[in-house]
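Visitor: I have a structure open here and would like to go through it piece by piece. Could you walk me through it?

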Amino acid sequence: GGILDRLKLDRSGLRLETPVVHAVNGVSFKINRAEIMALVGESGCGKSTVAKTIARIYQPTAGEVRIEGQDVASFGFSDLLPVRAKMQMIFQDPYASLNPRQRVRDIVAEPLLEQTKTANERAEVPARIEQLLTRVGLNTEHAGRYPHQFSGGQRQRIGIARALSVTPGLIIADEPVSALDVSIQAQILNLMKDLRDEFGLAYLFISHDLSVVHHIADWVGVMYLGFMVENAPRDVLFARPRHPYTRALLSAAPSIKTKRDIEEIVLSGEVPSALDLPSGCPFRTRCPFAWDRCAQQRPHMQDVGDGQTVACHLIDEPERDSI
Ligand code: SF4
Ligand code: MG
């Protein structure tokens, strides 16, 4: 079975005193063991909301998250220990996500100590920390140092060691390399892939950067305004993007452009507010193909073969697919 057996979010989001922000709608996918699923889209598209809802940082208002068959919502907020052992998060900004007053060994040990119950288990923690630091490519002699004594890439390695400490099945990584230099990005992505191979880890990888997604993902889900508009195996998506929004994103990504021969779609207009969704298709205010039907009917995800699903009326009316 899948590590993330089922995720189904309908009108879920973070409820603050003010209205629901970054609502997500009808987002549904599954991640298998040893698979890397990327969510891609512009900022505000709801990809971080999905990540935080799975991690139970946000409480879904409707929908379902199942990890290894277990409904995450069945754990109360005060009793999230079993959930934390199954999934861990890595954040965009290792500068902000590591406690500056904690030594690296304590940072890495924290989730592990949360899970240990006996004195024997606790006694094994220091050796385990050494092993983890070595595995992510850090010098164990630096375990007594503080986060500010490390570079950005090293800090992300610390975050990865910390996430790995409880041997989770799923790691949720929200823009884990976007604060790093491009040369360092590749090192961190390769480390994450190696760890996937070694431990059968699954990742939910959130990114706005298509070349990063192309490098790491097995599956790619494209999000727009809180909706998933396309979901496909990586190679299928990059070779044959079907949704106009995916095609626009790809035509604006020069580094991976050479791989296909897709038309130029340049987006005009602003992303509408998620609190004031367009009728019908959420993308219609920026879509060069939009016609009446797009304002009247919300397109639902349709299977177009090879594992690709697309939410666009052009699938039913392909004769309209030319600018
Ligand atoms: Fe564009 Fe219509 Fe497809 Fe939406 S449903 S992406 S508006 S063609
Ligand atoms: Mg975000």
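Visitor: Let's begin with the ligand: which residues are around ligand 1?

Guide: Keeping in mind that this is a predicted model, the residues around ligand 1 are P244, C281, F283, R284, C287, F289, A290, C294, P299, C312, H313 and L314.

Visitor: And by class, what does the shell around ligand 1 have?

Guide: The shell has 10 nonpolar residues, together with 1 polar and 1 charged residue.

Visitor: Switching to the strands, how many residues of β10 are buried?

Guide: In β10, 6 of the 6 residues are buried, so the strand is largely enclosed by the rest of the structure. A202, L204 and I206 point one way from the strand, whereas Y203, F205 and S207 point the other way, and all are buried.

Visitor: Why do the side chains split into two sets like that?

Guide: In a regular strand, side chains alternate between the two faces of the sheet.

Visitor: Which strands pair with β10, and in what sense?

Guide: Strand β5, residues 36–40, pairs with β10 in the parallel sense over 5 bridges, and strand β9, residues 170–174, also pairs with β10 in the parallel sense over 5 bridges. To place these pairings in the sequence, I36 of β5 stands opposite Y203, A38 has F205 as its bridge partner, and on the β9 side D174 stands opposite I206.

Visitor: What about β5 itself, is it buried or exposed?

Guide: Buried: 5 of the 5 residues of β5 meet that criterion, so β5 is largely enclosed by the rest of the structure. Both of its faces are covered, with I36, A38 and V40 on one side and M37 and L39 on the other.

Visitor: Which strand besides β10 does β5 pair with?

Guide: β5 pairs in the parallel sense with strand β11, residues 219–224, over 4 bridges, and within that pairing V40 stands opposite V222.

Visitor: On to helices. How many residues does α8 have, and what span does it reach?

Guide: Helix α8 covers residues 182–199, which makes 18 residues, and it reaches 26 Å from its first C-alpha to its last, close to the 26 Å expected at 1.5 Å a residue.

Visitor: Which of its residues are buried?

Guide: The buried residues of α8 are Q185, I188 and M192. Seen down the helix axis, they fall within an arc of 75°, so they line one face of α8. On the other side of α8, S183, N190, D197 and E198 are exposed.

Visitor: What covers the buried residues of α8?

Guide: The cover includes α7 (152–164), the strand β10 (202–207) that we discussed earlier, and α9 (210–216).

Visitor: And what follows the helix?

Guide: α8 is followed by G200, whose phi is positive, near 65°.

Visitor: One last residue: where is I256, and what does it touch?

Guide: I256 lies in helix α12, residues 254–257, and, leaving out residues up to four places away in sequence, it touches L210, S211, H214 and F238. I256 is partly exposed, with 14 other C-beta atoms within 10 Å.

Visitor: How far is its C-alpha from that of D316?

Guide: The C-alpha atoms of I256 and D316 are separated by 28 Å, the two residues being 60 residues apart along the chain.

Notes
Residues are numbered from 1 along each chain as its sequence is written. Chains are lettered from A and ligands numbered from 1 in the order in which they are written. This is a predicted model: local features need pLDDT of at least 70, side-chain atom pairs count only at pLDDT 80 or more; totals for chains, interfaces and linings use all residues. Helices (H or I, at least four residues) and strands (E, at least two) are DSSP runs, numbered from the N terminus. The expected span of a helix is 1.5 Å times one less than its number of residues. A residue is buried if 20 or more other C-beta atoms lie within 10 Å of its own, exposed if 12 or fewer, and partly exposed in between; C-beta atoms are placed from the backbone. The arc is that of the directions from the helix axis to the C-beta atoms. Two residues are in contact if their C-beta atoms, placed from the backbone, lie within 7 Å. A residue is near a molecule or strand if its C-beta atom, placed from the backbone, lies within 6 Å of it. Ala, Val, Leu, Ile, Met, Phe, Trp, Tyr, Cys and Pro count as nonpolar, Asp, Glu, Lys and Arg as charged, and the others, Gly among them, as polar. Two strands pair if DSSP finds at least two bridges between them.
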